[in-house]
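Please open the structure in your viewer and keep the sequence panel visible. This tour proposes a series of selections and describes what is found at each one.

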Amino acid sequence: QVQLVESGGGLVQAGGSLRLSCAASGSIFSITAMGWYRQAPGKERELVATITTGGSTNYASSVKDRFTISRDGAKNTVYLQMSSLKPEDTAVYYCSAGRINYGGSLSFPYWGQGTQVTVSS
């Protein structure tokens, strides 16, 4: 099993920045990819960004050029640096961990409890 603990959410004004952190523990040897998802009220959970242990990243088009995902392998931690935040970025942000499947797709069976990000206009 893998445990994920997020931190760093909060309230910020539009145009501001926040950095989310996600610390992984447990059977982390099995993890080859991590990601951030978000879910706004009344909406489905959506992908924000992913990163593999090899450093490959992927972003939702809505956050590209504003958000940056990174990882610190020594600390088993993944970060999401969010800049130029907009009210529509308001959501609960979830950290996820999983693996790269044969063929290159990603699977995320492990999830954190979520952290609230609220962007005021």
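What percentage of the 121 residues in the protein do buried residues make up? Buried residues account for 42% of them. Please keep in mind throughout that this is a predicted model.

**The whole chain**

Begin with the entire protein in a cartoon view. The secondary structure consists of eleven strands and zero helices. Followed along the sequence, the pattern therefore reads β-β-β-β-β-β-β-β-β-β-β. The radius of gyration is 14 Å, close to the 14 Å that the globule rule gives for 121 residues, so the protein is as compact as a globular protein of that length. Along the principal axes, the C-alpha trace spans about 40 × 25 × 25 Å.

Next, display the surface. The protein exposes about 6,300 Å², and carbon and sulfur atoms supply 48% of this area. Colouring by charge shows 10 positive and 7 negative side chains. The centres of these two sets lie 4 Å apart. Contacts may be considered as well: among those between residues at least 6 apart in sequence, 56% join residues at least 24 apart.

**Strand β1 and its partner β3**

Select residues 2–7, which form strand β1, and show the side chains. Which of them point to one face and are buried, and which point to the other and are not? Val2, Leu4 and Glu6 point to one face and are buried. Gln3, Val5 and Ser7 point to the other face and are not buried. The side chains thus alternate along the strand.

Now add residues 18–26, strand β3. β1 and β3 run antiparallel and are joined by six bridges. To locate one pair, select Ser7, which stands opposite Ser21 in β3.

**From β3 to β8 and β7**

Keep β3 in view and add strand β8, residues 77–82. β3 and β8 run antiparallel, with six bridges between them, and Ala23 stands opposite Thr77 in β8. β8 is mostly covered, since five of its six residues are buried.

Strand β7, residues 67–72, is the next selection. β7 pairs with β8 in the antiparallel sense over six bridges. Within this pairing, Ser70 has Tyr79 in β8 as its bridge partner.

The hairpin of β7 and β8 has four residues between the strands. Select Asn76 in this loop. The phi of Asn76 is near 50°, a positive value in a residue other than glycine. Is Asn76 buried or partly exposed? Asn76 is partly exposed, with a relative accessible area of 29%.

A further residue to select is Ser84, in the loop between β8 and β9. Ser84 has a positive phi of about 50° although it is not a glycine. With a relative accessibility of 41%, Ser84 counts as partly exposed.

**Strand β4 between two pairings**

Move to residues 33–39, strand β4. Six of the seven residues of β4 are buried, and the strand is mostly covered. Add residues 46–52, strand β5, which pairs with β4 in the antiparallel sense over six bridges. Ala33 has Thr52 in β5 as its bridge partner.

Then add residues 91–100, strand β9. Seven bridges join β4 to β9, and these strands run antiparallel. Select Trp36 to find Cys95 of β9 opposite it.

The hairpin of β4 and β5 has six residues between the strands, and Gly42 in this hairpin takes a positive phi near 80°. Select Arg45 in the loop between the two strands. At 35% relative accessibility, Arg45 counts as partly exposed. Which residues does Arg45 touch, not counting those up to four places away in sequence? Arg45 touches Tyr37, Arg38, Gln39, Tyr94 and Trp111. Ala24 offers a distance to display: its C-alpha atom and that of Arg45 are separated by 21 Å, and the two residues are 21 apart along the chain.

**Last stop: Val117**

Finally, select Val117 in strand β11, residues 115–120. Val117 has 0% relative accessibility and counts as buried, because buried means under 20% relative accessible area. Not counting residues up to four places away in sequence, Val117 touches several residues, including Gly9, Leu18, Met82, Thr90 and Tyr93. The C-alpha atoms of Val117 and Asp72 are separated by 22 Å, and these residues are 45 apart along the chain.

Methods
Residues numbered from 1 in each chain as written. Predicted model: local features only at pLDDT ≥ 70, side-chain atom pairs only at ≥ 80, totals over all residues. Heavy atoms only, no water. Rg over C-alpha atoms; globule rule 2.2 N^0.38 Å. Buried < 20%, exposed > 50% of the residue type's maximum accessible area, 1.4 Å probe, protein only. Contact = heavy atoms within 4.5 Å. Areas by Shrake-Rupley, 256 points an atom, 1.4 Å probe, with all protein chains shown as cover. Lys, Arg positive; Asp, Glu negative; His and termini not counted. Charge placed at Lys NZ, Arg CZ, Asp CG, Glu CD. Pairing = 2+ DSSP bridges.
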